[in-house]
Amino acid sequence: MAAREFIGTTEPFASNAIYFLMTDRFVNGDPSNDHREQGGKALHTFDRPTPGAPKGRSDNVGYMGGDFKGVLDNADYIHDMGFGAVWITPIVDNPDEAFTGGEPVHWGGMWTDRGKTGYHGYWGDNFYVLDEHLPSADLDFRGLTAGLRQHGLETVLDIVLNHGSPAYTMPSDQPKYGKIFGADGELLANHQNLPPAKLDPNNNPLHRWYNTSGGLAQLSDLNENEPAVLEYFVGAYSKWIDQGADAFRIDTIGWMPNTFWHAFTTRIRAKYPRFFMFGEAFDTDAATIAMHTLPRNADVSVLDFPLKERLVEVFGRKRAGYERIAERLYLTDGPYANPYELMTFYDNHDMARLDASDAGFIDAHNFLFTARGIPVIYYGSEIGFERGAVEHTGNRNYFGQARIAQAKTHPIHDALRRIARVRASTPALQRGLQVNLEFKGDRAAFYRVAQSAGVAQIALVLLNKGDAPADFRIDRWLQPGEWHAAIGGGTTTIAAGHALAATVPAHGVEVYVLSAGVLDDGLREQLQQAEARKSRR
């Protein structure tokens with residue numbers, strides 16, 4: 001009789017950990033595409049410091065020069081840390097001037113866009129065309145994805161369907177703002193600098209692409225009920241898949257209805273079966289964001305905001321206990337289609353970076369790279385870059401080649417590289433079911449088990465985020481055999497009925513790996529329950 005299968009997910013993309021970078025803010029690999037004179041003197045797009053910065057601090061709302069070449073030049077750096085994929089911000093064309101509408105950008109401001117540019121990529125005006133700041137003469141998007149693949153990295157492309165560029169409140173209409181252009185440069189939609197309530201979609205074809213109720217800030221809010229909108233984006237994003245995108249991160253998924261997303265993902269997967277996608281629903285209520293994971297809706301993964309909220313408590317300055325995390329894992333009877341496919345993270349470009357000590361970052365990475373889910377790390381976190389900073393106070397600042405060179409000797413980088421490479425070589429940590437033993441105070445212990453399709457592996461994870469070494473004695477559901485210590489090295493032989501004793505250093509982790517199928521009756525029973533109760537849907 002074949003052994004029973006125990007697996008958290010069979011999703012191939014789960015083997016990756018993701019390094020998320022804002023392309024313009026990573027590395028300027030090709031100064032020839034900076035377009036430093038673009039926009040003229042008053043509305044120039046390159047290097048626009050955010051007003052009001054205190055002494056010694058900086059922020060910028062203009063382009064800073066990061067590009068495809070800067071990413072590809074550092075592919076080995078990213079892969080060496082243990083990552084298998086790079087998530088890049090949107091690559092599509094954005095307007096060529098600084099925005100003149102909205103409220104003026106200022107230090108620490110939220111939803112303030114006057115004086116800002118589309119350096120981030122989320123203000124698309126033509127979704128079939130690359131923004132000119134990103135490619136080089138000999139490196140387009142196809143070249144980038146092919147080059148990353150040669151370095152062992154897949155490409156996650158950030159996509160936007162909910163909105164285009166800012167569209168109204170300008171003193172006078174600006175080129176490209178509030179407009180959508182087609183693959184051949186034809187004008188398909190134009191907000192005409194009108195507030196949403198003044199649009200006339202019944203009589204003006206250029207207005208039919210937009211909702212009349214408004215949305216985020218002054219952004220043009222795209223009409224999910226207009227068939228041409230869906231057709232446009234299926235065509236545009238199919239183009240980028242054809243050029244090498246391996247997965248999508250869907251921006252602002254919560255702002256459009258489930259019916260729209262179901263139609264979009266169904267169309268994409270009809271052409272590209274099992275194409276992996278995950279959405280951003282900025283909400284800490286699990287039931288709210290879980291609806292996007294269900295097959296009748298978008299049928300995608302999502303960024304795990306409910307867990308993120310607790311990770312900040314546990315690994316940030318508050319240093320709460322591991323018990324705050326356990327209930328947000330939703331290992332059984334949870335609302336998600338599959339909790340093992342969630343994207344786990346502690347910060348990103350839309351919120352405050354993690355405010356933690358070096359040890360806090362190390363503890364966070366030790367957890368993220370061993371627990372259920374697919375870890376996502378925001379660029380610079382490997383050195384605690386701009387820790388605690390929100391947008392318009394440095395969250396998205398330029399990283400640069402010099403910092404990458406320095407990062408290789410940083411203690412956070414060293415510890416991240418160690419645990420990320422363990423995950424990259426351990427199928428149980430990538431896809432295995434999780435059975436918890438202890439989540440309390442500074443200590444956590446759990447099993448990850450993968451028994452499927454030629455893989456038979458049990459991992460025992462021991463985490464200590466305390467300031468002193470911690471002694472563990474594990475005997476519950478412990479299977480006899482040769483357990484290899486993935487961090488410390490060496491092998492511990494466990495006889496039947498005996499315990500595994502280990503001391504984990506302060507802010508440390510150990511992963512004991514047994515290359516064997518599940519034989520322990522108690523563990524088998526726990527796994528059967530975990531398998532059967534992964535979701536209550």
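Contact means heavy atoms within 4.5 Å. This is a predicted model: local features need pLDDT of at least 70, side-chain atom pairs count only at pLDDT 80 or more, and totals for chains, interfaces and linings use all residues. Residues are numbered from 1 along each chain as its sequence is written, and side-chain values use heavy atoms, with hydrogens and water left out.

**Exercise 1.** Find how many residues of helix α7 are buried, and what covers them.

*Solution.*
- Step 1. Helices (H or I, at least four residues) and strands (E, at least two) are DSSP runs, numbered from the N terminus.
- Step 2. Helix α7 spans residues 305-315. Of its 11 residues, 9 are buried (under 20% relative accessible area, 1.4 Å probe, protein chains only; exposed is over 50%, partly exposed in between).
- Step 3. Among them are Phe305, Leu311 and Phe315.
- Step 4. The cover includes α6 (286-290), α8 (323-326), β13 (343-344) and α9 (358-368).

**Exercise 2.** Work out why strand β14 is described as largely enclosed.

*Solution.*
- Step 1. Strand β14 covers residues 374-378.
- Step 2. Ile374, Val376 and Tyr378 point one way, Pro375 and Ile377 the other way.
- Step 3. 5 of the 5 residues are buried, so the rest of the structure largely encloses β14.

**Exercise 3.** Identify the strands that pair with β14.

*Solution.*
- Step 1. Two strands pair if DSSP finds at least two bridges between them.
- Step 2. β1 (residues 18-21) pairs with β14 in the parallel sense over 3 bridges. Ile18 stands opposite Val376.
- Step 3. β13 also runs parallel to β14, joined by 2 bridges. Here Met343 stands opposite Ile374.
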